Amino acid sequence: MVFGIERSNEIASMVGQSLLVTNSGYKPWEDPSFIKWRKRDYHVPLHSHDSVEGSLKYWYERNKVDFLASKSAVWNDDAVVGGLDSAANWVKGLPFVKSLSGYWKFFLASSPANVPADFYDVAFSDTTWDTLPVPSNWQLHGFDLPIYANMGYTFPLDPPHVPTDNPTGCYRTCFEIPKEWKGRRIFLHFEGVDSAFQAWLNGSPIGYSQDSRLPAEFEITDYCHPYDSNKKNVLAVQVYRWSDGSYLEDQDHWRICGIHRDVLLLAKPQVFITDYFFKSKLDAEFLHANIEVEVKIDSSRETSKDNLQANYIVEAKLYDSGKWHVCDRDVDLLSTDVVHMNFTLSSSIILGFHGYFLVGKLEMPRLWSAEKPNLYTLVLVLKDASGLVVDCESCQVGFRQVSKAPKQLLVNGHPVVIRGVNRHEHHPRLGKTNIESCMIKDLVLMKQNNINAVRNSHYPQHPRWYELCDLFGMYMIDEANIETHGFHLSKCLKHPTCEPVWATSMLDRAIGMVETNKNHACIISWSLGNESAYGPNHSAMAGWIRERDPSRVIHYEGGGSRTPSTDIVCPMYKRVWDIIKIANDPTETRPLILCEYQHAMGNSNGNLHEYWEAIDSTFGLQGGFIWDWVDQGLWKVGADGKKHWAYGGDFGDPPDDLNFCLNGITWPDRTPHPAMHEIKYVYQPIMVSLAENKLKIKNMHFFETTEALEFGWAIHGDGHELGSGTLSLPLLEPQSSYNMEWNSGPWYSLWSSSSAAELFLTIETKLLCATRWVDVGHIVSSTQVMLPVKRQMIPHGIKTKDATLVAEVLGGKMCVSKMNQWEIVFNPETGTIECWKVKGVPVMKKGIFPCFWRAPTDNDKGGGADSYSSMWRAAHLDSLCILTESCSIQNSTNCLAHIKVVYLVVPKEENSISKPEQSNELFKVDMNYMIHATGDVLVECYVKPSHELPPLPRVGVEFHLENSMDNVKWYGRGPFECYPDRKAAAHVGIYERSVDDLHVPYIVPGECGGRADVRWMTFLNKDNIGLFASIYGSSPPMQISASYYSTVELDRATHHELLIKGDNIEVHLDHKHMGLGGDDSWSPCVHEKYLVPAVPYSFSIRLFSFTESDCCHALYDLQL
């Protein structure tokens, strides 16, 4: 074989120059019929080994990943080097694959017309150019601006044209061909470039491609300098920010571009394995698998192609990868072969050549599922006529069967439930560039929180992601890189799916996805894209995929989620009652899996448990994918010189959709949001319930028994643990349950001897052994049930003691105190407490006020004029003025002071009216204070709102404590943030946190840090001096919060770092608090049962002067 530019194809060069040089007037990046030039057919990733041993050793090392690797995930500036290291590491063990990752020369032109002339020429001087890491997105390295958009194009909608001012990146780098590659064909492989690019090697054009999320490969054999020429090969790449392909890429994410995945060189023999498709068919009992491998051989340089079968032999073996890591000693990899496949000709009745096929059979295959991700290694060998190995290709494969039944999607014959999440590729420092440890971090977190499925939203992702999902066990929907959401806004342009000119491009994207990723066991469904309406181009895509790969189902939501092109009814953001209605529709035979649900924007994910109550009890409902995995925030240096999370518009990027990119269940650095606890709970594989004295424990797995689990129990009385232990249960087979009389359990004696008013039983399961995704002892599931009460609950009251208080009026203020114990200063004019001291220590600065406003969450703001936030503001709930209509001392004794206050709550603009008209009144609040000599203050509240008010954010009281009262203990749900419609995972117990730790740093501030169903709580300083608060009488448990940030401040700040701490702690004790919602974030969708209607309310709260000698439980347990 001869290397060299001399053999460059002159005709191809002429064609390339006319197509790709801008001075011809032709713009290939604005021609939807021209999507590639000299680009090779899509194929599976190639590894180019020259021996079976090399292939097996490669996969042996590549599979040695587990949860420990996630600990090296980096999210700061160190990630730049991490990205380069990862790219280099991915080619280790591949002698004929070379990564070109590193620092390339880079110049950003304002438009294609302003690209430096002949920059691709070998003689061009790039010494004044900047350097840029490859892979990367150039906007995250100081060039151009990142733009966030949810829907709608970042340029005028004028297909197929894009703006003349189209930022264009010019890249240059050099490489040399290794000596060992002599005589081989050379290929240049781009794993991902956004959005379109053309490339030159040594001054000659070698190709053009678009589709930002699929690989592009070009043969460059004839353009390379040979290894012994003493010449370096100069590679130049021109990348367009926008192209006609951008009209198909209107996904909800950051619009950033560049060479964002690795660039590889591959060396192959003259005849080589270029593609292969592993297929298996399991028998009805899943006891054996018939295997077929379709192999594609590239012999394009052979002069005689008809003699290929006579001159070459293709062989294949399957090796059991599961035997490789069962012990620490060295493994004879070659001895783990289980199937030797034989060559056969296609048996198709259709005339013509149909390819090369290898067939075999495996008895008792270990099946792949998300629960048991068993993998095998397939090795294909191409030999010449003498039996010498010419080429080896290999990959990991799994045996699993995806099939359909009425209203069911089956995996290995079982209707697995999709407990899923949508995932964009996103790194807060690198954008779309991937690091292996960060991908592993995602999978580890998903598995640890019982997530078993991922939808690649909304494009094919990095090739290593698929390998990792195979390894860790994750069901996947792989999605074509197609979204035309912005056409929804047009009144004169059809969606591309309805236009023939876009058919080639759309079909090419579907073909590329399937052909590249077809051998991955994790993929159970192909998706035709996202939010692109529906038309004949989708029908064509579905038809091609069904014919090419009938082993998987097709998903597509566009057109109403029930078109003929989807095998799954896959709506997004349908309400619970709507999905139940579809599932019960006898004419609908497909299963329903929500492709997106539970929009996790900020403090969200309310009523998630209601979805899962429906899914677990309704035939035809099979789960869904939460939107979405990660807050897509980017690092940005703020005015304080520190880095903070940025969102749309923070980079001066118009147009933008602000913080609509922040809707993940993790922060950008993968710290889980509090809602993750709720997700883990509703997704947990062991369900526990108590009904009619029966404790039912069910194994929700479809393939795993409970053999690897340890069951434990704990019983708590009034928040205190009474006992715990291991629960001995029989082995539970998949989908089986065990029922027991609750009073036959080992906790019964503790229950029967306890005097507690409330008793809770917690059943917990832990892993007995470490797995790939977590260490031994990990809690898989935890459920708390309330045990039957032993005695009637008696309303709480004050047990009076022989005590005397002093009540006196000084300077117009009423001072109530007990000598050397506590002192309360009351302002009769305002009806408020101005100061509360305990043992001389200031505790309360001001209070107690009625409160009805909360800092709106993102969900509260969704819906424009119809949003809760808009309705509240229109009703002036954000600007209330509390007027004291009357304040009177009812009576006083030496042990009790009774003060009655009547408040009128009016809009703040009415503040100037001394006695407002009745028509201005939004609320009337009667508050009765009973100040006891014991140190108790009982507050009875009677709230009468105007019937014209919308549903209220909250009904409760607010007061402000000294900053030193920063240790909070409570008996209620926790320990994490929870709200009335997001509290299923939060167990009732006694918890303790600092005020700082109660706060949740959502990137966009709003209501946060609440705790639900609180019976009592304390606010104490370091000396255990402070305030005790509890429910009183027949009042139900409270929703509480305590924060250094006022409600006003949480409403004001647009970014968390802009919050300013107050000089006190703002405390809210709420009788009623509206739910968070989460069905979506663009309409008022809190479920009715979690709304707070504007009707009269009455409730009581008990406050107490707490000292170091007091006991919370004893105080709470005092009865009249």
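**Exercise 1. Is F923 buried or exposed, and how does its ring pair with F852?**

Step 1. F923 has a relative accessible area of 0%, so F923 is buried. Buried means under 20% relative accessible area, exposed over 50%, partly exposed in between (1.4 Å probe, protein chains only). The model is predicted: local features need pLDDT of at least 70, side-chain atom pairs count only at pLDDT 80 or more, and totals for chains, interfaces and linings use all residues. Residues are numbered from 1 along each chain as its sequence is written, and side-chain values use heavy atoms, with hydrogens and water left out.

Step 2. F852 is buried too, at 2%.

Step 3. The ring centres of F852 and F923 are 3.7 Å apart and the planes meet at 5°, so the pair is stacked. Rings of Phe, Tyr and Trp (its six-membered ring) pair if their centres lie within 6.5 Å; planes under 30 degrees apart count as stacked, over 60 as edge-to-face, the rest as tilted.

**Exercise 2. Classify the pair F187 and F272.**

Step 1. A search of the whole structure gives 51 aromatic pairs.

Step 2. For F187 and F272, the centres are 5.4 Å apart and the planes lie at 65°, so this pair is edge-to-face.

Step 3. Check burial. F187 has 2% relative accessibility and counts as buried. F272 is buried at 1%.

**Exercise 3. Which residues form one aromatic cluster with W200?**

Step 1. List the members: F107, F119, Y120, F124, W129 and W200.
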